[in-house]
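The exercises below ask you to read a structure step by step. Look at the sequence and the model, try each task yourself, and then compare your reasoning with the solution.

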Amino acid sequence: MNFYTRKLIKPEDLNANNTLFGGSLLRWLDEEAAIYTIVQLGTNRCVTKFMSEINFISSAKQGDIVELGIKAIQFGRTSLTLTCQVRNKITQKMILTIEKMVFVSVDEDGVPTPHGKTEITYTDERLREE
């Protein structure tokens, strides 16, 4: 699991219980997963297709730092499947897991299109491909 992004929990991220609002966390995770997919597939034309069960394990409070973890687990002809975790940076306590998030490469009309990738790239090499 690669943990690239960290977020500081601020007052505007809290729900009525003064803990991290799940919607904020999912927005951050969807954005992080999309960026990861863009780098892996070498195209910014991709969309979130599917998200499996979201397992909220624990919460976070104002001042906590959370880390967003992403790992590619399967390349399809037009898709990339990821697994995701969010944990507290200091305590390492798991906050959320998502077994599968599927992103699909699309053309300018939004139709799924083959991306031609078959393996994970761990650096930003794909951003420099010609």
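**Exercise 1.** In which strand is the place of M51, and is M51 buried, partly exposed or exposed?

Solution. Begin by noting that this is a predicted model. The first step is to find the element, and M51 turns out to lie in strand β2, which covers residues 46-51. The second step is to take the relative accessible area of M51, which is 28%. Since buried means under 20% and exposed means over 50%, M51 with its 28% is partly exposed. As a third step, set aside the neighbours within four places in sequence, and the contacts of M51 that remain are L26, I98, K100 and M101.

**Exercise 2.** Where is S105 found, and which residues does S105 touch, not counting those up to four places away in sequence?

Solution. First locate S105, which is found in strand β6, made of residues 94-105. Next consider its relative accessible area of 3%, a value for which S105 counts as buried, because the cut-off for buried is under 20%. Finally, list what S105 touches when residues up to four places away in sequence are not counted: L41, T43, R45, C46, T78, V111, P112, T113 and H115.

**Exercise 3.** In which sense does β5 pair with β4 and with β6?

Solution. Start with β4, residues 65-75, which pairs with β5 in the antiparallel sense over 9 bridges; one bridge to follow in the model is that of A72, whose partner in β5 is L82. These two strands form a hairpin, with 3 residues between them. Then turn to β6, which pairs with β5 in the antiparallel sense over 8 bridges, and here Q85 has T97 of β6 as its bridge partner. The hairpin of β5 and β6 has 5 residues between the strands, and in it Q92 takes a positive phi near 65°. To complete the picture of β5, residues 79-88, note that the strand is mostly covered, with 9 of its 10 residues buried.

**Exercise 4.** Which residues of the largest nonpolar core touch the most other members?

Solution. This core has 24 residues, and those that touch the most other members are L29, V66, L82 and V86. The elements that give two or more residues to this core are α1 (22-41), β4, β5 and β6, and α1 gives the most, with 6 residues. As a last step, follow V66 itself: not counting residues up to four places away in sequence, V66 touches several residues, including W28, V86 and I95.

Key:
Residues are numbered from 1 along each chain as its sequence is written. This is a predicted model: local features need pLDDT of at least 70, side-chain atom pairs count only at pLDDT 80 or more; totals for chains, interfaces and linings use all residues. Side-chain values use heavy atoms; hydrogens and water are left out. Helices (H or I, at least four residues) and strands (E, at least two) are DSSP runs, numbered from the N terminus. Buried means under 20% relative accessible area, exposed over 50%, partly exposed in between (1.4 Å probe, protein chains only). Contact means heavy atoms within 4.5 Å. Two strands pair if DSSP finds at least two bridges between them. A nonpolar core is a set of buried Ala, Val, Leu, Ile, Met, Phe, Trp, Tyr and Cys residues joined through side-chain atoms within 4.5 Å.
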